Every structure is written in C-alpha cells, then in structure tokens.
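Here's a quick tour of a protein model, written for anyone who is new to reading structures. Keep the 3D view open and find each part as you go.

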Amino acid sequence: MIPIPKEKDIVILTKPNFLSHDVSIQILSSIDTEKLIQNFDFTLNQLYVDCDEDCFLVISPSKENVAKQLLWENGKLMFTKEQLETFLLTMPTLVPFLAQDTTGKDLMLAWGKKESLRNAIETGNGTYFSRSRNGKWVKGEESGHFQKLKQIYVHFDPFFIQYVTDQIGAACHTGYYSCFFRELGQNDSVSFVYSNKVGESL
C-alpha cells in the first residue's frame with residue numbers, strides 16, 4: 001500500500017470523471033484513509049494519489065454535481081467589494097486550495113489563507129500559503145511554472161477554494177504536469193498517468 005503520512009489530515013477529492021470541474025473534498029485521518037483504500041472498489045471507480053501521499057483523487061461516475069460559487073473570472077471580481085470583505089471575515093484560517101487546468105485535470109492540492117486568496121484575486125496568479133516556509137507562496141515564483149488563473153470558485157461544505165488555471169510547465173515539483181501522476185489499482189498496483197515529465201522527450 002502507498003505509505004500514508006501518520007497523524008496528518010488527508011484530503012480526498014471526488015469527481016464524476018477525470019476531466020470534470022465538479023469536485024468535492026473530504027478530510028480524513030490517516031487511519032480512515034487506509035480503510036478507504038483497503039475497501040476501495042476498483043471495478044467501479046478509479047483512485048489516484050498525489051506526490052506527497054496526503055491527497056487522493058477518487059473518480060466515481062455516480063458522483064453528483066456539487067454546489068459552488070464563482071468568485072472571480074478573467075480578472076473580474078464577481079462579488080461586490082462589500083461581499084468579498086464579509087466573505088473573507090468568515091473564511092477559516094487555513095483551507096484547502098485545489099488547482100485544476102481548464103480541461104478539468106487536477107493539478108495540485110495545497111493550503112491557503114485569506115491573504116492567499118486576496119493576492120490571487122489581485123494578481124491573477126495561483127497563490128497559496130507555504131506551511132514549511134510560513135509565508136505566501138506564488139506558484140512559479142522560483143520555477144517559472146506559473147498558474148495564470150481563469151476562474152476562482154468557492155465551496156462552503158466543507159470550505160475550500162478551487163482555481164481553474166492555465167498551467168505553465170509542471171504543476172508538480174517532481175516535474176510531472178500534475179501532482180496526481182500515479183493511479184492505484186488492485187493488489188497494490190501503481191501505474192503512471194504521464195509517460196514523461198514536462199520538457200522530457202519520450
């Protein structure tokens with residue numbers, strides 16, 4: 001079985017197909033995540049894991065659409081300034097931020113704060129909070145692999161932010177286009193989604 005970080009919250013993403021922007025989030029303990037994987041029905045659903053093994057992507061055709069609210073699109077705020085400020089006051093301290101590309105592929109799951117969201121709105125760049133550096137993290141600042149945002153959605157139950165973005169280069173620090181480059185299968189099998197890393201020849 002894929003090693004799951006102990007005593008850490010694990011994020012489970014669920015969507016009806018690989019290229020869907022309709023996605024929900026569930027946060028489980030490492031123990032509950034292990035149970036989910038052990039009892040997973042690979043005949044009906046697909047399961048992917050991210051580079052850090054702390055986020056799993058479930059493709060379940062029976063998944064129903066989820067409610068979300070468009071906050072920002074192509075440089076335009078869809079809330080009034082008053083609505084935005086009220087919204088930011090209610091935003092939890094640290095929340096999941098999911099980045100998807102315009103086709104619906106999930107790129108990465110990170111964490112962010114209200115300051116992250118405010119910067120994303122102001123600049124149009126995918127922005128997060130780095131817990132290791134304890135500060136703002138603009139994706140691509142060091143690598144050049146920026147995320148040029150198209151839409152920002154808000155989900156309330158549970159609360160998370162969804163970026164839809166043009167991804168420049170690799171979203172994953174390993175060099176793969178997406179952090180979800182491994183698909184899990186029956187009998188602990190693992191297959192790679194991408195045949196090469198960004199910039200590598202086949």
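Below are short notes on a sheet, a pair of helices and two pockets. Keep in mind that this is a predicted model. Its 6-stranded sheet is open, helices H2 and H3 are roughly antiparallel to each other, and the largest pocket holds about 750 Å³ of space.

**The sheet**

- Start with the open sheet, where 6 strands line up in the order S2-S1-S4-S3-S13-S14.
- The pairing in this sheet is mixed.
- Look at the two edges and you'll find strand S2 (24-28) and strand S14 (190-192), each of which pairs on one side only.
- Going from one strand to the next, the twist averages 30°.
- Now zoom in on strand S3 (residues 46-49) and strand S4 (residues 55-59): they run antiparallel, and 4 bridges join them.
- Want a spot to click on in that pair? Gln 46 stands opposite Ile 59 in S4.

**Two helices side by side**

- Helix H2 (residues 81-90) and helix H3 (residues 114-123) have axes that come within 10 Å and cross at roughly 150°.
- Angles over 145 degrees count as roughly antiparallel, so that is the label H2 and H3 get.
- On the H2 side, the contact is made by Leu 84, Glu 85, Phe 87, Leu 88 and Leu 89.
- On the H3 side, Lys 114, Leu 117, Arg 118 and Ile 121 do the job.
- Sort the residues of this contact by class and you get 6 nonpolar, 3 charged and no polar ones.

**The largest pocket**

- About 750 Å³ of space lies in here, and 31 residues line it.
- Which of those residues are the closest to the pocket's centre? They are Asp 52, Met 108, Ala 110, Trp 137 and His 173.
- Strand S8 (106-112), strand S9 (127-130) and strand S10 (135-138) are the elements that give two or more residues to the lining.
- S8 gives the most, with 4 residues.
- By class, the lining of the largest pocket has 13 nonpolar, 11 charged and 7 polar residues.

**The second largest pocket**

- This one has about 160 Å³ of space.
- It is lined by 13 residues, and the closest to its centre are Ile 37, Phe 42, Gly 185, Asn 187 and Asp 188.
- Its lining splits into 7 nonpolar, 5 polar and 1 charged by class.

Definitions and conventions: Residues are numbered from 1 along each chain as its sequence is written. This is a predicted model: local features need pLDDT of at least 70, side-chain atom pairs count only at pLDDT 80 or more; totals for chains, interfaces and linings use all residues. Side-chain values use heavy atoms; hydrogens and water are left out. Two strands pair if DSSP finds at least two bridges between them. Axes are lines fitted to C-alpha atoms, for helices over the stretch in contact, and angles run from 0 to 180 degrees between N-to-C directions. Angles under 35 degrees count as roughly parallel, over 145 as roughly antiparallel, 65 to 115 as roughly perpendicular and the rest as oblique. Contact means heavy atoms within 4.5 Å. Ala, Val, Leu, Ile, Met, Phe, Trp, Tyr, Cys and Pro count as nonpolar, Asp, Glu, Lys and Arg as charged, and the others, Gly among them, as polar. On a 1 Å grid over the protein atoms alone, a cavity is a set of points where a 1.4 Å probe fits but cannot get out, and a pocket is an open set with protein on both sides within 12 Å along at least five of seven lines; lining residues have an atom within 4 Å of a point. Grid points are joined across faces, edges and corners, and a volume is the space filled by probe spheres set on the points.
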